[in-house]
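This briefing covers a strand with its pairing partners, and then residues with positive phi. The sequence and model come first.

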Amino acid sequence: MTDTLAPPTPAQAAFLAEIEARLPGLRLLLDEADRESYRLDETAYLHPGLPLAVALPTETEEVSELLRLATAHRVPVVPRGAGTGLSGGAAGVEGALTVAFTRMDRILEIDRANLVVVTQPGIVNAALKAAVAAEGLFYAPDPASYEQCSIGGNLGTNAGGLCCVKYGQTRDSVLGLEVVLADGEVIRTGGRTVKDVAGYALTQLFVGSQGTLGIVTEAILRLRPAPPPRATLIAFFPSATSAGQAVRDMTAAGLEPVTLELMDRFTIAAVDDWHHLGLDREAAAMLLVETDVPGAAAAAEIDRAAIACQGAGASDVIRATDAQEADWLRQGRRMAFRALERLGVARMEDVGVPRARIPELIAAIEAIGDRHGVRIGTFGHAGDGNLHPTFVFDRDDPRAEEVTEAARADLYRAAIALGGTVTAEHGVGISRREALAEQVGPDVLRTMRSIKDALDPLGILNPGKVL
Ligand SMILES: Cc1cc2nc3c(=O)[nH]c(=O)nc-3n(C[C@H](O)[C@H](O)[C@H](O)COP(=O)(O)OP(=O)(O)OC[C@H]3O[C@@H](n4cnc5c(N)ncnc54)[C@H](O)[C@@H]3O)c2cc1C
């Protein structure tokens, strides 16, 4: 891109020189090729700016000093985790400083007595999970990208994943934060207490704010005793709406599976072509149901799930024979987006509706695919009412951009009409700002803006994102 060739302005050069003078030990990437790799996140179709520089701090004090200097020089700052986001939240802003947390990845303490872990934000979700599992403990939030994404990014987006239906989103597992504010001041919110209603719920406010209100440098996360091994069931359906009906029936029956995931026919074929799991490719949809309740209760819950699936018209209901088979099935579902990406340009969406309306959402998605003549692979966290319709285009399809825009607009309208949301877990970022306005309306938007103005009066924190 041509804009990469411009040298820093004198003001930008002065900012960079002051960083180097005050933080001589800080890793600062200035080379154009290095900066280029921080332009995009996984929202590959956006056209964001090139960072002026990329800082890789290791300590809170460095982040604080960077923010102090950024405020003094009026330079915007973009916090970044692993860059797997699907809304452009960590994408570059032209002339801004990207602060990437890759090197701030230490677990500071596993506090068994209080069932919490204290961690820096750069640690990868799977690494944190593995470290606490070694102590017989469980960190619940489980995005499908858990082997790549960071805890800081999960906090930034309030990430969801495959076990929210039972354990909630990231926000439900956060007790406290250390946050660097726009002017460099460091505050601590919450703590190790499970209950805390002292004042406004700032911890919860920062989670999901996509780095627009403050930058998280430490988090106190809630742990649980490791649950028993899971029991797993898959069910195949003659129509996607009958699978949606089964989800609705399981919810109404009060079942509490740890996982309740859906894949439609197109996605089943894409996953099976890649991983050869022997899935029923004739089926219009499949559900993956897992429970982690102990002992005989697990079989009882799986039996109730099977009854709900059969009642909704499932053509086949299969119980996983062992843990390895269950792991393959879960891994197959985790790879759904990557499997669709193998077929062309894949653009994942993230709508949510009240759970009882899942069948209507599925019908609306199918109608949108027909109307716009676009292939849509639909999969996702059906138990939460959260689906990821993914538009798939041939790599050289000149209509991709135009059709995506039109189909997305219809999708958002459909979700809102069903009492739902334009994003359930990926965030507004750059890509859903207009849709946010459509969903929440001017009063709520104004309230959000006044919070942003109070915490970031100069607008240097991740500008152009969310609002
Ligand atoms: C194949 C695939 C599957 C996915 N599956 C899921 C899924 O199941 N559930 C789900 O929720 N998401 C999913 N995602 C999206 C993505 O992985 C999540 O949004 C994840 O939380 C992003 O983490 P990250 O470390 O990559 O963050 P980034 O993309 O780097 O950043 C995400 C946001 O957080 C902000 N941020 C980063 N670090 C900080 C910090 N220290 N302080 C404040 N703000 C910060 C950034 O500014 C940005 O706005 C998936 C993505 C892919 C590619």
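Strand β8 pairs with strand β10 (residues 215-222) in the antiparallel sense over 6 bridges; two strands count as paired if DSSP finds at least two bridges between them. Helices (H or I, at least four residues) and strands (E, at least two) are DSSP runs, numbered from the N terminus. The model is predicted: local features need pLDDT of at least 70 and side-chain atom pairs count only at pLDDT 80 or more, while totals for chains, interfaces and linings use all residues. Residues are numbered from 1 along each chain as its sequence is written, and side-chain values use heavy atoms, leaving out hydrogens and water.

**Strand β8 and its partners**

- In the pairing with β10, Gly176 stands opposite Ile220.
- β8 is also joined to strand β9 (residues 186-190) by 5 bridges, and these two run antiparallel.
- Val180 faces Val186 of β9 across that pairing.
- The hairpin of β8 and β9 has 5 residues between the strands, and Gly184 there takes a positive phi near 100°.
- β8 (residues 174-180) is largely enclosed by the rest of the structure, because 7 of its 7 residues are buried (under 20% relative accessible area, with exposed over 50% and partly exposed in between; 1.4 Å probe, protein chains only).

**Positive phi outside glycine**

- Asn158, in the loop between α5 (151-157) and α6 (164-167), has a positive phi near 55°.
- Asn158 counts as buried because its relative accessibility is 8%.
- Val466, in the segment after α15 (433-455), is not a glycine yet has a positive phi of about 70°.
- At 15% relative accessibility, Val466 counts as buried.
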